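Okay, thanks everyone, I'll keep this short. Have a look at the chain on the screen, and then I'll walk you through a couple of its helices.

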Amino acid sequence: MAQLKDKIEAVGKVLNDDKRPLKERFRALFTLKNIGGPSSIKAISDCFQDSSALLKHELAYCLGQMQDPEALPILYEILSNLEEHPMVRHEAGEAIGAIGSESSLPILRKFIDDPAPEVAETCQLAAQRIEWYSKNNDRTKSVYNTVDPTPSFNLSDLKSLKEILLNDEIDLFDRYKAMFALRDINTPESILALCEGLFVGGALFRHEVAFVLGQLQNEISIPHLIKALEDSSQNEMVRHECAEALGSIASDQCFDILRQFLNDDSRVVRESCDVALDMADYEMSNEFQYANTALLVQSV
């Protein structure tokens, strides 16, 4: 146990060292997520003092994926901080929903009318997720081993799912359920339906579509992801997620377009492209997992 604690502390130092390249810090973060436990949660929580909204958003994401209630106090704090970047607050709300404690419902409901639409919508979804899972005893992770913001529709009719996905008049919870159903069907037709979602609805919805396309890693989505990344009128959280999706697909075309945006006006987009290029290198390598703990610890 002492050896594991030393390893966590060493990796935590990498994560919290703002002089290190962001891609190294991301790898440290995912190492801590994979290890889990109170010491990893503390190391991740300490990093919320950083200036990078992209990194802090990823911290919150990882805490949610760990599904450990011990992370709830720091997530409540981040969500409640109106001075924090909306992208970070959104991710804290989503992480609270992923952990799934009914005790979190009051704080989520407090922010369902937040001035930032992406925060308000996230808290609505997170509260609905907790309520849904309290009535349905199904804690299964997705086939991508992720904790999704909503369950998936048990429906295979592509036409119906696409109509739900793209209809702004339908409750967002159901549109997300259609999104994850289309992801799980994973055919060219279902992926192209998802691609249409990059250009409808609010920023929160579009960013989740991009995330799902990154999970699918199918090259037919590349032109659509590039179009959204190139559109400076898109919310930066959407463009960020498109960049990371392109990094997951990791074709030569993806490498080329990501390099073009390393000097984007948006810091979130610049940093996303840098991290995405590292992800793309990983996808092209033989590494077992994105976070290489041994190399990180040796470099401390």
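Before I get going, one term: when I say buried, I mean a residue with under 20% relative accessible area. And keep in mind that this is a predicted model.

So, helix 10. Of its 14 residues, 11 are buried, so the rest of the structure largely encloses this helix. Which ones are they? The buried set in helix 10 runs Leu-172, Phe-173, Arg-175, Tyr-176, Lys-177, Ala-178, Met-179, Phe-180, Ala-181, Leu-182 and Arg-183. Yes, Arg-175, Lys-177 and Arg-183 are on that list too.

What do those buried residues of helix 10 pack against? There are four partners to look for: helix 8 (117-135), helix 9 (158-165), helix 11 (188-196) and helix 12 (203-216). As for its length, helix 10 covers residues 172-185 and goes 20 Å from first C-alpha to last, close to the 20 Å expected at 1.5 Å a residue.

Now over to helix 12, one of those partners. Here 13 of the 14 residues are buried, so helix 12 is also largely enclosed by the rest of the structure. Its end C-alpha atoms sit 20 Å apart, which agrees with the 20 Å that 14 residues should span at 1.5 Å each. Right after helix 12 comes Gln-217, and the phi there is positive, near 55 degrees.

Let's zoom out. How many helices and how many strands does the protein chain have? The count is 17 helices and zero strands. Buried residues account for 55% of the 300 in the chain. The radius of gyration is 18 Å, and a compact globule of 300 residues would be near 19 Å, so the two agree. If you want a box, the C-alpha atoms fill roughly 55 × 45 × 35 Å along the principal axes.

On contacts: take the ones between residues at least 6 apart in sequence, and 67% of them join residues at least 24 apart.

Then the surface. Accessible area comes to about 13,400 Å², with 47% of that belonging to carbon and sulfur atoms. On charge, I get 29 positive and 49 negative side chains, and the centres of those two sets lie 4 Å apart.

Last stop, Leu-4, in helix 1 (residues 2-15). Leu-4 is partly exposed, at 36% relative accessible area. From Leu-4 to Ser-103 you go 99 residues in sequence and 31 Å in space, C-alpha to C-alpha.

That's my tour, over to you.

Methods:
Residues are numbered from 1 along each chain as its sequence is written. This is a predicted model: local features need pLDDT of at least 70, side-chain atom pairs count only at pLDDT 80 or more; totals for chains, interfaces and linings use all residues. Side-chain values use heavy atoms; hydrogens and water are left out. Helices (H or I, at least four residues) and strands (E, at least two) are DSSP runs, numbered from the N terminus. The radius of gyration is taken over C-alpha atoms; the globule rule is 2.2 Å times the number of residues to the power 0.38. Buried means under 20% relative accessible area, exposed over 50%, partly exposed in between (1.4 Å probe, protein chains only). Contact means heavy atoms within 4.5 Å. Accessible areas come from the Shrake-Rupley method with a 1.4 Å probe; for residues, only the protein chains shown count as cover. Lys and Arg count as positive and Asp and Glu as negative; His and the chain ends are not counted. The place of a charge is taken as NZ of Lys, CZ of Arg, CG of Asp or CD of Glu. The expected span of a helix is 1.5 Å times one less than its number of residues.
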